[in-house]
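Here is a note for a colleague who is meeting this structure for the first time. Please keep the sequence and the model open while reading the points.

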Amino acid sequence: MLDLTPKELKERTALRVNPCKTCQPVGAMYAALGVARCMPHSHGSQGCCSYHRMVLSRHFKEPAIASSSSFTEGASVFGGRSNINTSVKNVFDMYNPDVIAVHTTCLSETIGDDLNSFISDIELPPGKLVVHCNTPSYVGSHINGFFNMMMGFMNYLTGKTGTSNGKTAIFPGWVNPGDIRELKRIAKFMEVPAVFFPDQSGVLDAPMNGRYELYPKGGTKIEEIRGLGDSKGLIALGEIINIEPAELLQKKWKVPYTLLPMPVGVAYTDQYVMALRSQSKVEIPEELEAERGRLVDLMLDSAQYTHGKKVAIFGDPDVVIGLTSLALEMGMIPKYVITGTPKEEFTRKIEALFEHYGVSGCTAKANADLFELHQRIKNEKVDLLLGSTYGKQIAKAEDIPFIRAGFPVIDRYGGPLQSIVGYNGGAYLVEKITNALMDRFDRDSSDEDFEIVL
Ligand code: SF4
């Protein structure tokens, strides 16, 4: 039994209990599923591939297709060259994707398989492609896997003709398909012709039409990835997940980038809208201004229930930075803000937010786990918990209202269709947060209190 009695916290460096992250290939697989007619391929044992697919399927409630090099003892000892050769042939023969996106696993990384040389030696059917990236899971998290796969695609496919294609590349980062739809809608409002990469909308939220389609209609097209080098500019959303892909596009293909936080809440959505405006030079449409005004109005109306309330926020770094900014805009106190991804930049950004909003006594930490978060909450309780499904045991044990957001949310439905970005996404979150606090207020109120409220 884990000891969770209140006490002084000790730093742990060699052990994670209830991690707040998953492994790199999950991110690589999710990024690859955002490319049209792509088969993600796990170069390792079947167990890894099954686990990665399961994590994605449980969140999206959709099949997450992927194939595996199916390592057995022989490949583990002698290397996986023949496995990848056979896999590529079989996958093209049986499933006919346009591209296979290979990522490694702990096993193939540990034995040192050289995917660059393996893939360059494979004779591919005409018009077919194989790309790859390295995703050793003992480094980083699924966030690293996501951007490593983005860079794998770009390194293999992206080129430059020297003539601008007049489009703006937008890297949405790790968000749900519903978020990508909202980001696209705002870009359309701002009259910005854009290529979203990767783009899981239409793939992991494909509509039910009575037929199973192995490759649903969505996803960034191969030609669009090839053309990223001819983009007139790049807007990269998510300062942790997209810094490396943005720098790659700038360094290799001289595409200037604007790196922004994930547009959650008023201030960060403003930044996205202004970045779009600098691309299209059009005035901000009235409808968008009205959406912003409605969000601000909702925040003001609900402030009496949210102001000064303490919240613990955990999950993936960019989502957590966005949620923290929104909580601060609502007058809440983000008492504990953690991510499992080991990026110290996260801590600096959260601490900058604390300073900007003048809150003190709050903790920001990267490379943390949920055991530590639980210990902190035991020592000083919060009014609300905001994060992935994995916080539900803490919420239950400490009897704290809990809002699910981020990845993964495996015990509720509809999340991937919903957006938390943009002004409308902000309004959705404010509604969820305020009403959770009000539900708790109602539960704990006496009959006399009810008379005052009603
Ligand atoms: S062995 Fe490595 S790649 Fe496979 S599931 Fe475990 S952490 Fe992920």
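The numbered points below go from the chain as a whole to its helix contacts, its ligand and some backbone details.

1. This is a predicted model, in which local features need pLDDT of at least 70 and side-chain atom pairs count only at pLDDT 80 or more, while totals for chains, interfaces and linings use all residues. Residues are numbered from 1 along each chain as its sequence is written.

2. The chain holds 18 helices and 13 strands, where helices (H or I, at least four residues) and strands (E, at least two) are DSSP runs numbered from the N terminus. Along its principal axes, the C-alpha trace of the chain spans about 75 × 60 × 45 Å. For 454 residues, a compact globule would have a radius of gyration near 22 Å, and the 23 Å of the chain agrees with that; the radius is taken over C-alpha atoms, and the globule rule is 2.2 Å times the number of residues to the power 0.38.

3. Two packed helices are described by the angle between their axes and the distance between the axes. The axes of α1 and α7 come within 6 Å and cross at roughly 40 degrees, the axes being lines fitted to C-alpha atoms, for helices over the stretch in contact, with angles running from 0 to 180 degrees between N-to-C directions. That makes α1 oblique to α7, since angles under 35 degrees count as roughly parallel, over 145 as roughly antiparallel, 65 to 115 as roughly perpendicular and the rest as oblique. The crossing of α1 and α7 is right-handed (the near helix is turned clockwise from the far one by less than a right angle; anticlockwise would be left-handed).

4. Among the residues that make the contact of α1 with α7 are Pro25, Val26 and Tyr30 of α1 and Ile143, Phe146 and Met150 of α7, with contact meaning that C-beta atoms, placed from the backbone, lie within 7 Å. By class, this contact of α1 with α7 has 10 nonpolar, 6 polar and no charged residues; Ala, Val, Leu, Ile, Met, Phe, Trp, Tyr, Cys and Pro count as nonpolar, Asp, Glu, Lys and Arg as charged, and the others, Gly among them, as polar.

5. Helix α7 (residues 142–157) also meets helix α10 (residues 243–253), their axes coming within 9 Å and crossing at roughly 20 degrees, which makes α7 roughly parallel to α10. The contact is made by Phe147, Met150, Met151 and Met154 of α7 together with Glu244, Pro245, Leu248 and Leu249 of α10, and these residues divide into 7 nonpolar, no polar and 1 charged.

6. Helix α12 (residues 286–306) and helix α17 (residues 422–444) have axes that come within 9 Å and cross at roughly 15 degrees, and α12 and α17 are therefore roughly parallel to each other. Their crossing is left-handed. The residues that meet include Leu295, Leu298 and Met299 in α12 and Val430, Ile433 and Leu437 in α17, and the contact of α12 with α17 divides into 10 nonpolar, 5 polar and 3 charged residues.

7. Which residues surround the ligand? They are Cys23, Pro25, Cys48, Tyr51, Thr105, Cys106 and Ser137, each having a C-beta atom, placed from the backbone, within 6 Å of it. By class, this shell has 5 nonpolar, 2 polar and no charged residues.

8. Some backbone details deserve a look. A cis peptide bond joins Phe197 and Pro198, with omega about -10 degrees, and Pro198 lies in the loop between β6 (194–196) and α9 (222–226). A cis peptide bond also joins Phe407 and Pro408, with omega about -5 degrees, and Pro408 lies in the loop between β13 (402–404) and α17. Asn18, although not a glycine, has a positive phi of about 55 degrees, and its place is in the segment before α1 (24–33).

Key
Two residues are in contact if their C-beta atoms, placed from the backbone, lie within 7 Å.
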